[in-house]
Amino acid sequence: MNKSLIFGIVIGVILVGAIYNVGKQPFTKRNPLFSEVSAVVYKTPTCGCCKEYIGYLKANGFKVEVREVDDEGLEKVKREANIPPNLWSCHTVFLNNYFIEGHIPIEAISKLLTEKPDINGIVLPGMPSGSPGMPGIKFYPFKIHSVKDGKDLGLFTEI
């Protein structure tokens, strides 16, 4: 067989697999730890991945309230929460006196609510592929940072 044909078939299989997995996030069983936790999500009206993340939170047992704001309103929420701008993502969640910035996996939220560290919140900067609510393949472990008083305290957990 021709090398170009084999290469084309391999690329086709990879693309079909990636397309098939787009938007599919592994939801965990409802966690009783979250059944009484209310989460308030600030997002812009046009953000599709935020809607997926909200579904992820609900599937994990959170009571979710959504507050849609424009870009300036979302920036104001982040600034008032004292989240460093270099760590911003597309939405901000508040729960149990903490902020959750970005597409943070449930394991990190569980750790936060169980350990109750003396911080203001946790962040997963950007919008990494394969994170909850984001399509695509997870290429590397997610490095979730802890933040207190506007300062990045470094690694909270890696998932």
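This report walks through one predicted model, from the whole chain down to a few single residues.

**The chain as a whole**

Let's start with the big picture. The chain has 159 residues, and 43% of them count as buried. Its fold is built from 4 helices and 7 strands. If you read from the N terminus on, the elements come in the order α-β-α-β-α-β-β-α-β-β-β. Among contacts with a separation of 6 or more, 57% are between residues 24 or more positions apart. On the outside, the chain exposes about 8,800 Å², and carbon and sulfur atoms supply 58% of that area.

How far can you trust the coordinates? The mean pLDDT of the chain is 85, and 79% of its residues reach 70 or more. There is a stretch to treat with care, though: over residues 15-28 the pLDDT stays under 50. For that stretch the model has 18 contacts beyond four places in sequence. Where pLDDT is low, the predicted coordinates should not be read in detail.

**Helix α2 and what covers it**

Next up is helix α2, which takes in residues 48-59. With 12 residues at 1.5 Å a residue, α2 should span 16 Å, and its end C-alpha atoms are 17 Å apart, so the two figures agree.

Which residues of α2 are buried? They are Cys49, Cys50, Tyr53, Ile54, Tyr56 and Leu57. Seen down the axis of α2, these buried residues fall within an arc of 155°, so they line one face of the helix. That fits a general pattern: an α-helix has 3.6 residues a turn, so residues three or four places apart point the same way.

And what lies over those buried residues of α2? The cover includes β1, β2 (63-68), β3, β4 and α4 (106-115). After α2 comes Gly61, with a positive phi near 100°.

**Strands that pair**

Now for the strands. Three pairings are worth tracing in the structure, and each is listed here with one pair of facing residues where there is one to show.

| Strands | Sense | Bridges | A facing pair |
|---|---|---|---|
| β1 (residues 38-43) and β3 | antiparallel | 3 bridges | Val40 and Phe94 |
| β3 and β4 | antiparallel | 4 bridges | Val93 and Ile100 |
| β6 (residues 143-148) and β7 (residues 151-158) | antiparallel | 6 bridges | Lys143 and Glu158 |

Strand β3 turns up in two of these rows: β3 pairs with β1, and β3 also pairs with β4. In regular strands like these, one general rule helps when you look at the side chains. In a regular strand the side chains alternate between the two faces of the sheet.

**Two hairpins and their turns**

β3 and β4 form a hairpin with 2 residues between them. The loop between β3 (92-95) and β4 (98-101) holds Asn96, and Asn97 lies there too. Asn96 has a positive phi near 45°, while the phi of Asn97 is positive as well, near 65°. Most residues other than glycine have a negative phi.

Are these asparagines buried or exposed? Asn96 is partly exposed, because its relative accessible area is 44%, which falls between the 20% and 50% cut-offs. Asn97 has a relative accessible area of 80%, so Asn97 counts as exposed.

The other hairpin is made by β6 and β7, again with 2 residues between the strands. In its turn, Asp149 has a positive phi of about 50°.

**Two residues up close**

To finish, pick out Ser38 and Thr157 in the structure.

Ser38 sits in strand β1. At 43% relative accessibility, Ser38 is partly exposed. Beyond four places in sequence, Ser38 touches Lys63, Phe94 and Leu95. Ser38 and Phe94 are 56 residues apart along the chain, yet their C-alpha atoms are separated by 8.4 Å.

Thr157 belongs to strand β7. Its relative accessibility is 16%, so Thr157 counts as buried, the cut-off being under 20%. Setting aside neighbours within four places in sequence, Thr157 is in contact with Ala108, Lys111, Phe142, Lys143 and Ile144.

Technical notes: Residues are numbered from 1 along each chain as its sequence is written. Side-chain values use heavy atoms; hydrogens and water are left out. Buried means under 20% relative accessible area, exposed over 50%, partly exposed in between (1.4 Å probe, protein chains only). Two strands pair if DSSP finds at least two bridges between them. The expected span of a helix is 1.5 Å times one less than its number of residues. The arc is that of the directions from the helix axis to the C-beta atoms. Contact means heavy atoms within 4.5 Å. Accessible areas come from the Shrake-Rupley method with a 1.4 Å probe; for residues, only the protein chains shown count as cover. pLDDT is the predictor's confidence in each residue, from 0 to 100.
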